[in-house]
Structure formats: structure tokens, C-alpha cells
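Got the model open in your viewer? Let's take a short walk through it, one selection at a time.

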Amino acid sequence: MILCVAELLERSKKGEKKTDVAREFDIAHSVVSRPWKSFKTTGMCSRWHGGGRVRSTTPAEDRYIVLSAKRNRRTTAQQVANQFLAASEKQISRKTVARRLRGGGLYARRPVVCVPLTRQHRSARLQWCREQTQLD
């Protein structure tokens with residue numbers, strides 16, 4: 001339930017008390033008095049945005065990070081962070097770059113390093129497999 005400030009103003013002009021308005025809407029007195037106080041001091045009433053940690057990069061900088069990673073797909077997150085530092089003179093961490101890339105749809109992967117099998121390896125494996133099937 002959202003109580004409009006315009007309705008609060010209208011009711012205050014009529015001379016209604018904040019406690020009466022709060023009781024009518026079955027809400028706490030503070031829910032009515034906070035926007036009213038805000039409107040009286042600033043002349044406007046806007047909703048407070050959530051208080052979280054401030055982002056270290058702007059949406060435009062996020063797009064730059066993704067674009068620079070797409071230009072050279074082999075760069076690491078640390079290299080992208082260094083490029084960003086050189087371009088914007090703003091220090092960001094490798095983890096921040098990784099989060100921004102994930103937000104842009106780019107995901108890191110670690111290619112599995114394995115020894116390529118030679119013809120001798122393959123023939124030895126095939127021989128071992130045939131021996132195992134004959135034992136059963």
C-alpha cells in the first residue's frame with residue numbers, strides 16, 4: 001500500500017491529523033509523518049533508494065569493460081582491469097571485472113590441459129581394452 005504525498009497534503013489542508021490518517025490506512029504513524037516532514041523541508045517527496053554499497057563503475061564503464069574484453073578474447077580479467085586503469089585512471093579489482101563481464105554475458109572458462117594421444121598411445125589403449133574384455 002502506497003500513500004501519496006498529494007493525499008497527505010490534501011488531508012492536512014482539511015485539518016486532519018497524521019495519526020488519524022495513519023489509523024484510517026492501518027499503518028504506523030511514522031509511515032505518514034516521514035514523507036510529510038520530507039515534503040515540508042524540501043518541497044518534494046521522493047522515495048529513498050536502497051542503501052547498498054556504491055558501485056565502483058558506471059553503466060557506461062561497464063559497457064567499456066565488456067567491449068574491451070570482446071575486442072581481445074584472450075585477455076585476462078587482470079589485464080582488462082589494467083587497461084581500464086590506463087583509460088580512466090580508476091582502480092578496479094579483477095573480481096569487479098569478472099562480475100561486469102558476467103553481467104555482459106561473458107563467462108570465463110579454463111580449458112582442460114591434457115596430453116594429446118599419439119598413435120602408439122591409442123594402439124596400446126586398444127590392446128589393453130581387448131585384453132580386459134577377454135578376461136571377463
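Start by selecting Phe84 and switching on its side chain. Is Phe84 buried or exposed? With 2% relative accessibility, Phe84 falls under the 20% cut-off, so it counts as buried. Keep in mind as you look around that this is a predicted model.

Next, add Tyr64 to the selection. Tyr64 and Phe84 make up an aromatic pair, and the structure holds one such pair. What do the rings look like together? Their centres sit 6.2 Å apart and their planes are 45° from each other, which makes the pair tilted. Unlike buried Phe84, Tyr64 is partly exposed, because its relative accessibility is 31%.

Now colour the two helices that carry these rings. Tyr64 belongs to helix α4, residues 59–71, while Phe84 is part of helix α5, residues 77–88. The two partners are 20 residues apart, so to speak a link between distant parts of the chain.

Turn the view until you can see both helices crossing. The axes of α4 and α5 are 10 Å apart, and the packing angle is about 125°. That angle is why the helices count as oblique to each other. The crossing is right-handed.

Last stop: show side chains where the helices meet. From α4, pick Glu61, Tyr64, Ile65, Ser68 and Ala69; from α5, pick Val80, Gln83, Phe84 and Ala87. Both members of the aromatic pair, Tyr64 and Phe84, are in that selection. Try colouring by residue type: the contact has six nonpolar residues, two polar ones and one charged.

Note on methods
Residues numbered from 1 in each chain as written. Predicted model: local features only at pLDDT ≥ 70, side-chain atom pairs only at ≥ 80, totals over all residues. Heavy atoms only, no water. Phe/Tyr/Trp six-rings, centres within 6.5 Å; stacked < 30°, edge-to-face > 60°. Helix = DSSP H or I, 4+ residues; strand = E, 2+ residues; numbered from the N terminus. Buried < 20%, exposed > 50% of the residue type's maximum accessible area, 1.4 Å probe, protein only. Axes fitted to C-alpha atoms, helices over the stretch in contact; angles between N-to-C directions. Parallel < 35°, antiparallel > 145°, perpendicular 65-115°, else oblique. Left-handed = near helix turned anticlockwise from the far one by under 90°. Contact = heavy atoms within 4.5 Å. Nonpolar A, V, L, I, M, F, W, Y, C, P; charged D, E, K, R; others polar.
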